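Work through the exercises below with the structure in view. Try each task before reading its solution.

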Amino acid sequence: MRIAIIGGTGEEGFGLGLRLARAEFPVTIGSRDPARAQVSATQANELLGTNAVQGMGNAAAARWGEVVIISVPYSAHVATLQGLAQELAGKLVLDVVVPLDPNNPRRLLPPAAGSAAEEARAVLGPTARIVAGFQNISAHALRKLDTPVESEVFLSSDDQEAKAVVMDLAQRAGFTAWDVGELESARLVEPLTPLMISLNIRYKSRRGGLRVTGIKRG
Ligand SMILES: NC(=O)c1ccc[n+]([C@@H]2O[C@H](COP(=O)([O-])OP(=O)(O)OC[C@H]3O[C@@H](n4cnc5c(N)ncnc54)[C@H](OP(=O)(O)O)[C@@H]3O)[C@@H](O)[C@H]2O)c1
C-alpha cells in the first residue's frame, strides 16, 4: 500500500510518515517544493535507517500514492484539495486536518460543511473515498519513535471498504483505532483536538491523548 503525504514536510505529516514507513509501508513525502520534500525524505530515512521514504512535489506524490494523506494547515485545506482534485480522483484520501483557529489553537473554527472531513467531500464530490482520522494524534508523540502513541485513532467514513483499509494500516503501524461511524462523525472527533491542546497547555504536557476504556471489540 503506497502512502503519499501531502504536507508531509510538516510536523504531523512527517511524524505519520515515520510511523508508517517504520511499519514497512512505502511512503512519499509531498511538498509544494519538491526539494523540500527530498530534504524531509532524507531526514526520515536517516532517522529510520532505511531508504524507503521518497520526496516529491504534492501532485506527483498524490499520483504515486494509493492512500493520500492530507496534512496541511486548515487555512490551506480547501485550496490544496481543489488543486489536487484530478490526482485524488479514485484515491483513498485520509484527511487528518483539524479546523483550528490559527490565532488560538484552543479554538475550533467549525466549517460550514460541518467538519473539515465533510468539507473535503464537498470539494472532491460525493463519490470521493474519504476517511477522516488521526486528528487527535499529536505530532510530538509521533516523533517519539521509542514510545508507543498512547492516544487512540478515531476513523470516520461513509466508505466501509476505505475505512477498513485505514483501520488495518493504523493497526499495522501500532495504533489503536476505532470506527466511530460515517464521515459526519468527524464533527465529534475534530473538536477533541483543541480540548487536548487546552489540557496539555493547562497541565504543561505535550503528549496527553485520548483513550477509550471499557469497550470490547465484538
Ligand atoms: N501538529 C499536530 O500535533 C497535529 C495533530 C493532529 C492533527 N494535526 C493536523 O494536521 C495538519 C497539519 O498540521 P502540522 O502541524 O503538520 O502543520 P504545519 O507543520 O504547519 O504544515 C504542514 C505542511 O503543510 C504545508 N503548507 C503550509 N502552508 C500551506 C499552504 N498555505 N498551502 C499548502 N500547503 C501548505 C507545508 O508544506 P510545504 O511547505 O512543504 O508544502 C507544511 O510543512 C493540520 O490540519 C493540523 O490540524 C496536527
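**Exercise 1.** Which pocket is the space taken by the ligand?

Solution. Start with the model, which is predicted. Next, locate the ligand. The space it takes is the largest pocket. Then size that pocket: it holds about 1200 Å³ of space. Now look at its walls. The lining has 40 residues, and Glu11, Glu12, Pro73, Leu100 and Ala139 are the closest to the centre.

**Exercise 2.** Find which element gives the most to the lining of the largest pocket.

Solution. First list the elements that give two or more residues. They are helix 1 (11-22), strand 2 (27-31), helix 7 (139-143) and helix 10 (192-202). Then pick out the top contributor. Helix 10 gives the most, with six residues. Finally, sort the lining by residue type. It has 17 nonpolar, 18 polar and five charged residues.

**Exercise 3.** Describe the shell around the ligand.

Solution. Count the shell first: 22 residues surround the ligand. Thr9, Ser31, Arg32, Arg36 and Val72 are the closest. Then sort the shell by type. Ten are nonpolar, eight polar and four charged.

**Exercise 4.** Trace polar atoms of Thr9, Gly10 and Glu11 to oxygen atoms of the ligand.

Solution. Take the residues in order. Thr9 uses a polar side-chain atom, 2.6 Å from a ligand oxygen. Gly10 uses a polar backbone atom, at 3.1 Å from an oxygen atom of the ligand. Glu11 places a backbone N or O atom 3.1 Å from a ligand oxygen. Last, check how much of the ligand is covered. Taken alone, the ligand exposes 880 Å², and the protein buries 74% of that.

Terms used
Residues are numbered from 1 along each chain as its sequence is written. This is a predicted model: local features need pLDDT of at least 70, side-chain atom pairs count only at pLDDT 80 or more; totals for chains, interfaces and linings use all residues. Side-chain values use heavy atoms; hydrogens and water are left out. A residue is near a molecule or strand if one of its heavy atoms lies within 4 Å of it. A polar contact is a pair of N or O atoms within 3.5 Å; within protein, one must be able to donate a hydrogen and the other to accept it, and residues adjacent in sequence count only if both atoms are side-chain atoms. Accessible areas come from the Shrake-Rupley method with a 1.4 Å probe; for residues, only the protein chains shown count as cover. On a 1 Å grid over the protein atoms alone, a cavity is a set of points where a 1.4 Å probe fits but cannot get out, and a pocket is an open set with protein on both sides within 12 Å along at least five of seven lines; lining residues have an atom within 4 Å of a point. A molecule sits in a cavity or pocket if more than half of its atoms lie within 2 Å of its grid points. Ala, Val, Leu, Ile, Met, Phe, Trp, Tyr, Cys and Pro count as nonpolar, Asp, Glu, Lys and Arg as charged, and the others, Gly among them, as polar. Grid points are joined across faces, edges and corners, and a volume is the space filled by probe spheres set on the points. Helices (H or I, at least four residues) and strands (E, at least two) are DSSP runs, numbered from the N terminus.
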